[in-house]
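Colleague: I'd like a close look at one part of this model, with the rest as background. Take your time and walk me through it.

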Amino acid sequence: GTLVSLVWDGTELLRTAPEPNFWRAPTDNDFGNGMPQRLRVWRTAGPDRHLVRIAARQDGGSRVTVETEELLHAGGARLFTTWAVYGSGDVVMRQRFVPGDTSVPELPRLGLRFTMPEGFDSVAWFGRGPQETYWDRKTGAAVGLYRAAAAELYHPYERPQETGTRADVRWMAVQNAAGMGLLAVGQPLLEASALNVLQDDLDEGQEKVNRHAYMVRRQPFTEVRLDWHQMGVGGDNSWGARTHPEYRLPVRTYEWSVRLRPFSRGDGSPFALARAAAQE
């Protein structure tokens, strides 16, 4: 029920398929307020989802639309996803999250994650930077055009935890040395990261085990995470204070969208491609 391959100019851009992502590696503040236990229902909600329905149709011209419905074990929520594939190579994903039992706790994040093959480790983004930023931690970072290696976007906190996200991203492009890459365009904004460490390797589980940054395995490939939102990181204190309510994701209906555009060096700059509309 998801995109398993995306080939452009003979090059495969996906190492693993996009997967719904509702979790984050707990921060020190998260452990302080009990988040890993309180919100644990969302930890495996993406990987453990159950495909209920899938359908495909051709919408004239050269556009194909694939629709899926998936059931989440977290309170019986449902995820309705539409993948519109255009002749230009654009893939527009639209997703609607519909809760079942609204008594389940808030979501840590609403987004998706996937990995790109080895060598796709050059990142450019138009959004806040250059340092990492979050929903409730971004006022010191200006919106601009930034570039970095995936390894440089990882902040080595002494204890491994969530890291590397950039907020208010208009677009993010991940490419290799030959100029081949994948562009993600917010509609209108994203929170995004592209790291050479896996989210799972930053996650210590429900109890803090106090590993150290050097113990996190660096991967030869890149994990891309694209979020509609991730809950804020808080910080009033680190021993109980929770994220302020306006930076949380209460259980309700959400809709969000992202446009993916494969490109090669001759297709134009990511900046120009981000401004162009998907074409049949």
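Which residues form one aromatic cluster? Start there, and then show me the strands around that spot.

Modeller: Sure, with the reminder that this is a predicted model. The aromatic cluster consists of Phe-22, Trp-42, Phe-97, Trp-228 and Tyr-254. Nine aromatic pairs turn up in the structure. One of them joins Phe-97 and Tyr-254, with 6.3 Å from centre to centre and 45 degrees between the planes, and it is a tilted pair. In sequence these two partners are distant: Phe-97 belongs to strand S7 (residues 91–98) and Tyr-254 to strand S14 (residues 254–263), 157 residues apart. Phe-97 and Tyr-254 are both buried.

A second pair makes a handy contrast. Trp-135 and Tyr-247 are edge-to-face, because their planes stand at 75 degrees, with the ring centres 5.9 Å apart; the cut-off for that label is over 60 degrees. This pair also links distant parts of the chain, 112 residues apart: Trp-135 lies in the loop between strand S9 (122–129) and strand S10 (142–149), while Tyr-247 lies in the loop between strand S13 (222–230) and S14. Trp-135 has a relative accessible area of 15%, so it is buried. Tyr-247 comes out at 26% relative accessibility and therefore counts as partly exposed; the buried label needs a value under 20%.

Back to Phe-97 and the strands around it. S7 is antiparallel to S14, and seven bridges connect them. Within that pairing, Gln-95 has Trp-256 of S14 as its bridge partner. S7 also pairs with S6, again antiparallel, over eight bridges, and there Phe-97 stands opposite Leu-79. The hairpin of S6 and S7 has five residues between the strands, and Gly-89 in that hairpin takes a positive phi near 100 degrees.

Walking back along the chain from there, S6 (residues 78–85) is joined to S5 by eight bridges, and these two strands run antiparallel. Here Phe-80 of S6 stands opposite Glu-69. The ring of Phe-80 has another partner too: the charged end of Arg-96 sits over this ring, 4.7 Å from its centre. In the hairpin of S5 and S6 there are six residues between the strands, and Gly-75 has a positive phi near 70 degrees.

One step further back, S5 (residues 64–71) runs antiparallel to S4 (residues 50–58), with eight bridges between them. Glu-67 in S5 stands opposite Ala-55. Their hairpin has five residues between the strands, and Gly-60 takes a positive phi near 70 degrees there. If you follow the side chains along these strands, keep in mind that in a regular strand they alternate between the two faces of the sheet.

There's another ring with a charge over it, away from the hairpins. The charged end of Arg-15 sits over the ring of Phe-221, 3.6 Å from its centre. Phe-221 also shows up among the contacts of Leu-198, a residue in the loop between strand S12 (181–195) and helix H3 (199–202). Setting aside neighbours within four places in sequence, the other contacts of Leu-198 are Thr-115, Gln-219, Glu-223 and Arg-225.

The S9–S10 loop that holds Trp-135 is also where you find Glu-132. With 7% relative accessibility, Glu-132 counts as buried. Apart from neighbours within four places, Glu-132 is in contact with Arg-137, His-155, Tyr-157, Thr-163, Gly-164, Thr-165 and Arg-166.

As for the background you wanted, the chain has four helices and 14 strands. For 280 residues, a compact globule would have a radius of gyration near 19 Å, and the chain's 18 Å agrees with that. The C-alpha trace spans about 55 × 40 × 30 Å along its principal axes. Of the 280 residues, 53% count as buried. Among contacts between residues at least 6 apart in sequence, 69% join residues at least 24 apart, and the Phe-97 and Tyr-254 pair, with its 157-residue separation, links distant parts of the chain as well. The exposed surface of the chain is about 11800 Å², with 50% of it supplied by carbon and sulfur atoms.

Key. Residues numbered from 1 in each chain as written. Predicted model: local features only at pLDDT ≥ 70, side-chain atom pairs only at ≥ 80, totals over all residues. Heavy atoms only, no water. Pairing = 2+ DSSP bridges. Phe/Tyr/Trp six-rings, centres within 6.5 Å; stacked < 30°, edge-to-face > 60°. Buried < 20%, exposed > 50% of the residue type's maximum accessible area, 1.4 Å probe, protein only. Lys NZ or Arg CZ within 6 Å of the ring centre and 35° of its normal. Rg over C-alpha atoms; globule rule 2.2 N^0.38 Å. Contact = heavy atoms within 4.5 Å. Areas by Shrake-Rupley, 256 points an atom, 1.4 Å probe, with all protein chains shown as cover.
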